[in-house]
Amino acid sequence: MQASLAATDIACRRGDRLLFRGLSFALGAGEAMQVLGANGTGKTSLLRILAGLLAPYAGSVSASGLPALLDGRLPLDEHLPLGEALAFWNRIDGGAISPEVLAMHGLDTLLDVPVRYLSTGQRKRAAIVQSNARQAAIWLLDEPLNGLDIHAGERLQSAVAHYCAQGGIAMIASHQPFAVPDLQTLDLAEFAV
Ligand SMILES: Nc1ncnc2c1ncn2[C@@H]1O[C@H](COP(=O)(O)OP(=O)(O)OP(=O)(O)O)[C@@H](O)[C@H]1O
């Protein structure tokens, strides 16, 4: 089945505030979109709605393919060495992470380090590698460049471009420019209430 992700006329309410409404888009396999908007306009909330973690106040979301949300939280056991923490999920998901991928993201030398000792950028890179291994069809990336150095940021942008070239869908909430071919944009200011 080909991946797809669409939102139809969705509205988002947090607390007693309506953040945006009337938001629609449709992405097919291989497409990438950057979500723009000032602090507090609802970028994170939109990604959580698309991930199925938050119900839209109005409208609907339809997706085919497994979504993976990458935000500041790392879905790995803090007490395990990185290699074992990744292996735990690989056993559950039936995924695998090649030595080449670990080396590409600079994680090959950190496999013995407990997850809780990893730096911000190392944690983010581990989350990216783990999402990749899950073979999720839709990547929802919340400020993915935060905490990454220039080289890690470039590697991430290449990884997203590669992922889309293979048919994946990427939705990127970021204040920073993100270099992916044919990147579409969605400006939340246009849907603000
Ligand atoms: N659980 C909640 N209850 C009430 N209000 C919330 C809740 N979570 C977030 N908000 C509010 O919703 C608004 C949008 O938050 P959100 O994190 O989606 O914005 P954002 O565009 O991602 O912001 P930033 O650019 O700062 O990351 C903010 O005003 C925030 O305070």
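Strand E1 (residues 4-14) pairs with E2 in the antiparallel sense over eight bridges; strands are DSSP runs of E with at least two residues, helices are runs of H or I with at least four, both numbered from the N terminus, and two strands pair if DSSP finds at least two bridges between them. Ala6 has Ala26 of E2 as its bridge partner.

A word on the model: this is a predicted model, in which local features need pLDDT of at least 70, side-chain atom pairs count only at pLDDT 80 or more, and totals for chains, interfaces and linings use all residues. Residues are numbered from 1 along each chain as its sequence is written.

The open sheet has three strands in the order E2-E1-E4, with antiparallel pairing. Strand E2 (17-28) and strand E4 (58-64) stand at the edges with a single partner strand each, so one side of each has no neighbour in the sheet.

Now to the ligand. Its shell includes Arg14, Leu19, Lys43, Thr44 and Ser45, where near means a C-beta atom, placed from the backbone, within 6 Å. Helix H1 (residues 43-50) gives the largest share of this shell, three residues.

Two residues other than glycine have a positive phi, Glu143 and Asp182. Exposure is judged by other C-beta atoms within 10 Å, placed from the backbone: 20 or more is buried, 12 or fewer exposed, and in between partly exposed.

| Residue | Phi | Loop between | C-beta neighbours inside 10 Å |
|---|---|---|---|
| Glu143 | near 45 degrees | strand E6 (138-142) and helix H5 (150-165) | 18, partly exposed |
| Asp182 | near 55 degrees | strand E7 (169-173) and strand E8 (184-187) | 10, exposed |
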